[in-house]
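Biologist: I am new to this structure and should be grateful for a close look at one part of it. Please describe one helix pair in detail, and then relate it to local features elsewhere in the chain.

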Amino acid sequence: MTIGVCYFPEHWPSERWERDVAQMAEANIEYVRMAEFSWGRVEPQRGEFDFEWLDETVELVGEYGMQAVLCTPTATPPKWLVDEHPEIRQEDRDGNPRNWGSRRFTCFNSDTYRQETERIVRRVTERYADNHVVAGWQTDNEYGCHDTVRCYCDDCAAAFRDRLREKYESIDRLNEAWGTTFWSQQYESFAAVEPPRPTPADQHPARLLDYYRFANDSVVEYNRLHVDCIQEANDDWFVTHNFMGDFGHLDAYSLADDLDFLAWDSYPTGFVQDRRQGTPTPDELRAGDPDEVGMNHDIYRGAKREPFWVMEQQPGDVNWPPHAPQPADGAMRLWAHHAVAHGADAVLYFRWRRCLEGQEQYHAGLLEADGSPDRGYHEAVEVAEELFDLDPVDAPVAVLHDYENLWATDIQPHSPDWDYWAHLRAYYSAIRRHGVQADIVHPDTDLTDYSLVFAPAFHLVDAGRAATLRSYVENGGHVVFGARTGVKDRTNKLRDAPAPGPLAKLVGATVDQHESLPEQLQTRVEYAGKTYEYRTWAEWLTPDTASSIATYDSDVAGGRPAMTKREIGDGTVSYCGVWPQEDLADALVSNALDTADVSRTRRLPANVRVAHRDEYLWITNFGHESIDLAVSSDADFVVGGKTVDGYDVAVVEATLADIEIESG
């Protein structure tokens, strides 16, 4: 297990570099990530390269016993390149170019920019091909940040038409697949198809979904260009990319085959403000939401079912959310342990020192602007001394997650309150509130090794995926489906059969009616002898071979089935037709875990999570109040002890059966 840091030597005078690197080594840092925004420094004028500054820093990193992670610098091309080729810029939906002056403004489908990308990536990778200090590479930086996955320029229009010709072969097949007779949206030729630019009313949902797929594939192709250049220079290097949290425009699974492992950038106190429903609590503003961060850990682990990296870990206050409260004492250490508990093999703090210039001056580093240690430095030093090598996470539960389902439900949310991430997290949080590890995986993943599978909003389903899940259940697996499952085909059209479509026989029930509900309408169900609340979405179910296990207890749906369950051999299939609020999610999930014989804790306190990795348990406290642990007499604490203070962590060699949370 490794701690690292992100460093920008180009921001500082050369006489500072050795002092910085020596101090990193003193802090037990092992990886130093550099150069992701350095194109203008590496190539200040076309064909004139300056590598001396980076050569010297890489050499220092090696001299002090650390390794470098270098980045291809293509997220920030220099001004001279844009002046030569303004056509490399993206265009927004209104046709306005995204101008030079920040980052991420170039088009993934620009032939010119792809050629320039290959040229600079080959130059920088060949420079370090034989350098033993360089361990690996990060491609580009945060693909799609600032809403830039989807470009609407002429290059993208031409590439989109080519993609549609390849996929549908004839325009008649496209018209049939999309369903273009609605509002006279037929096309006479592929040349007539445009990117989905602004219209007075909603865009056609099938057209949008295909454009989102196309834009995503454009990023995959662009990333593969980087990977090919890196591997040709030195195929012993690892290659990764730093994804983002709760980021829906880019399908992380689609890039996974080209990467050795996935990495992501974790900023807990920002995430609770800008990408999550609800008002953050004071504890969340100081330490974040453990399940929001944890679910992203598990997505990037689950994409390849192996350890991941946190390439950027929040080091203190940050510049980009609405507000920038200082993290609680201990939070920066807590986040590193939390990541490791979920399967991270490296956590790199962003960044080494607060910058004196540019757009991110209000983003903290491990060092203050004057070069003195900041709060995060001391916590990074502490956690570096506490980590040890571990086997990967072995999760007994899978949660099916598909970006295309996210895109389809976002295109037609049918409610202003619908949010795919929040709906997924309703189930995920209930799993984590019982101390159970979960892999977040693509629906095409082999599910054989999982005891239990959750499939919330499994919206776009075909016969192949239905057959895979049937086989899983017939061989003793357990599945819990959520609302909005099996509603549409893969083109984003409704079926001529009731939901859940191809899954109806497996579920043993169909959806009679559905409704989206505002807060002022009653939303209650009766389940297992108790009354619970749900929110936003409800489906009235008609059981066939399944049994009703919950009924509506409110308004016009009163008495109708809301949840069903069916036994198939040693397996079971449950269907939840509502978006469960916390108590209902806990009841449903805990019963499913027991049915699947998955070991769990009792419901944990709101801010406390338990995670099992290798032979150890991590008890992470994201709240300000301390908790007490009851553990078996032979349990061995390797970090902390039986009292876990606010924003603190304990690591104990034990199993879930060996521990109880006594207070909180």
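Modeller: What follows is an account of one helix pair, and then of several individual residues. The model is a predicted one.

The pair consists of helix α13, residues 331-341, and helix α14, residues 375-386. Their axes lie 8 Å apart and meet at an angle of about 35°. The crossing of α13 and α14 is right-handed. On the side of α13, the contact is formed by Ala331, Met332, Arg333, Ala336 and His337. Helix α14 contributes Arg375, Gly376, Glu379, Glu382, Val383 and Glu386. Sorted by class, the contact between α13 and α14 comprises five charged, four nonpolar and two polar residues.

The loop that runs between β9 (344-349) and α14 contains Arg351. The peptide bond joining Phe350 to Arg351 is cis, with omega at about 20°. Another cis peptide bond leads from Ala499 to Pro500, and its omega is near 10°. Pro500 likewise belongs to a loop, namely that between β13 (478-481) and α18 (504-507).

Backbone angles draw attention to two further residues. Ser184 is not a glycine, yet its phi is positive, near 50°. Ser184 is placed in the loop between α7 (171-178) and α8 (205-233). With a relative accessible area of 62%, Ser184 is classed as exposed, because the cut-off for that class is over 50%. Thr536, also not a glycine, has a positive phi of about 70°. Thr536 lies within strand β16, which spans residues 530-543. The relative accessible area of Thr536 is 4%, and Thr536 is therefore buried, a class that requires a value under 20%.

A final residue to consider is Gln90, which sits in the loop between α4 (79-84) and α5 (111-127). Gln90 has a relative accessibility of 1% and so counts as buried. Its surroundings can be listed: leaving aside residues up to four places away in sequence, Gln90 touches Asn96, Pro97, Arg98, Phe105, Thr106, Cys107, Phe108, Thr148, Arg150 and Cys151. With one of these residues, Arg98, Gln90 makes a polar contact between side chains, at 2.4 Å.

To return to the part examined at the outset, α13 and α14 pack with a right-handed crossing, and charged, nonpolar and polar residues are all present in their contact.

Technical notes:
Residues numbered from 1 in each chain as written. Predicted model: local features only at pLDDT ≥ 70, side-chain atom pairs only at ≥ 80, totals over all residues. Heavy atoms only, no water. Axes fitted to C-alpha atoms, helices over the stretch in contact; angles between N-to-C directions. Helix = DSSP H or I, 4+ residues; strand = E, 2+ residues; numbered from the N terminus. Left-handed = near helix turned anticlockwise from the far one by under 90°. Contact = heavy atoms within 4.5 Å. Nonpolar A, V, L, I, M, F, W, Y, C, P; charged D, E, K, R; others polar. Buried < 20%, exposed > 50% of the residue type's maximum accessible area, 1.4 Å probe, protein only. Polar contact = N/O pair within 3.5 Å; in protein donor to acceptor, adjacent residues only side chain to side chain.
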